[in-house]
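I open a fresh page for this protein. I will go from the whole chain down to single residues.

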Amino acid sequence: MENYALTIKTKEKEGVLGEITDIISSFGINISYAHVYVEQVGLGNVNLELDDVEDIDKLKKELLSLDSVIDLNCYGSLNDIFGKRVIIFGGGAQVSAVANGAIIEADRHNIRGERISVDTIPLVGEENIAEAVDALSRLHRVGVLVLAGSLMGGKIAEAVRKTKEDKDLIVISLNMPGTVVEEADLVVTDPTQAGVMAVMAIASTAVFDVKRLKAKGKNKF
């Protein structure tokens, strides 16, 4: 069994998504991610990530037999191509330093067969960062979040708490004033080291467990 991504062009009409998912369900396949949008008037686009597919050719044939399906393309899954994601939010200088450590460490693991990607966005302001953290619950493949700034608390800490309740997510924070450090799984003083430890926390090729550190009360470095 393998994982695949399907991009399906469809007629824009009622019930199309239900027809597609009914066929996929009949194969006993799990849909791990879905993105549906109207490409243009009368034309829809359905992007699906599928887990544990036994016969992709038979599935494609049945989907193409639907009157509502115009075209279908099959790709390797995003999990297989881009792998787990490290997300870094915060101020520009700190984000750059964290990203530097994360990219160097990810390269070391990816050479050994891992797939880890690093995404960064310099953000300032409590509202902007809190909004970005809250959106992580809707973002695909996120394994770890690094908060890189000089002061974070309030709505950001609330967003971190809520997101961790909704999603299996490791949160690493730089050592800074504010209540975010109380919500983080790991607090690291050096930003480059924070990036390195973020990758190690989600890499299957690393022997590092943030939860074990928390259990021993050693979550600050």
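**Whole chain**

What share of the 221 residues in the protein chain is buried? I looked it up: buried residues make up 45%. I note here that the model is predicted.

Next I listed the elements. The chain has nine helices and nine strands. I then boxed the C-alpha atoms along the principal axes, and the box is roughly 60 × 40 × 30 Å.

I checked the surface too. The accessible surface comes to about 11500 Å². Carbon and sulfur atoms hold 50% of that surface.

Then I looked at charges. I found 24 positive and 33 negative charges in the chain. Their mean positions are 6 Å apart.

Last for this page, I looked at contacts between residues at least 6 apart in sequence. Of these, 75% join residues at least 24 apart.

**The antiparallel sheet**

A reminder to myself comes first. Strands of a sheet pair through backbone hydrogen bonds, either parallel or antiparallel.

I traced an open sheet of four strands, in the order β2-β3-β1-β4. Its pairing is antiparallel. Why do β2 (30–40) and β4 (69–76) each have one side without a neighbour in the sheet? Both stand at the edges with a single partner strand, so one side of each is left free of a neighbour there. Ignoring direction, I read an average turn of 20° between neighbouring strands of this sheet.

I zoomed in on one pair. Strand β1 (residues 2–11) runs antiparallel to β4, and seven bridges join them. I picked out I8, whose bridge partner in β4 is L72.

Which helix touches β1, β2, β3 (43–53) and β4? I found helix α1 (residues 16–26) packed on the sheet there. Its direction makes about 15° with that of β3. Helix α2 (residues 56–64) lies across β1, β3 and β4. I read about 160° between helix α2 and β4.

**The parallel sheet**

I moved on to an open sheet of five strands. The order is β6-β5-β7-β8-β9, and the pairing is parallel. I looked for the edges and found β6 (116–122) and β9 (186–188). Each has a single partner strand, so one side of each has no neighbour in the sheet. The twist from one strand to the next averages 20°.

How many bridges pair strand β5 (residues 84–90) with strand β7 (residues 142–148)? I found six, in the parallel sense. Within this pair, V86 has V144 of β7 as its bridge partner.

Helix α8 (residues 191–202) packs on this sheet. I saw that helix α8 touches β5, β6, β7, β8 (170–174) and β9. Its direction makes about 170° with that of β8.

**Two residues**

I chose S173, which lies in strand β8. Is S173 buried or exposed? Buried means under 20% relative accessible area. S173 is at 0%, so I count S173 as buried. I then listed its contacts, leaving out residues up to four places away in sequence. S173 touches L147, V180, V181, A184, L186, V187 and V188.

My other pick was E131, found in helix α5 (residues 126–135). Exposed means over 50% relative accessible area. E131 has 58%, so I put E131 down as exposed. I also looked up its distance to I156. The two are 25 residues apart in sequence, and their C-alpha atoms are 8.1 Å apart in space.

Notes:
Residues numbered from 1 in each chain as written. Predicted model: local features only at pLDDT ≥ 70, side-chain atom pairs only at ≥ 80, totals over all residues. Heavy atoms only, no water. Helix = DSSP H or I, 4+ residues; strand = E, 2+ residues; numbered from the N terminus. Buried < 20%, exposed > 50% of the residue type's maximum accessible area, 1.4 Å probe, protein only. Contact = heavy atoms within 4.5 Å. Areas by Shrake-Rupley, 256 points an atom, 1.4 Å probe, with all protein chains shown as cover. Lys, Arg positive; Asp, Glu negative; His and termini not counted. Charge placed at Lys NZ, Arg CZ, Asp CG, Glu CD. Pairing = 2+ DSSP bridges. Axes fitted to C-alpha atoms, helices over the stretch in contact; angles between N-to-C directions.
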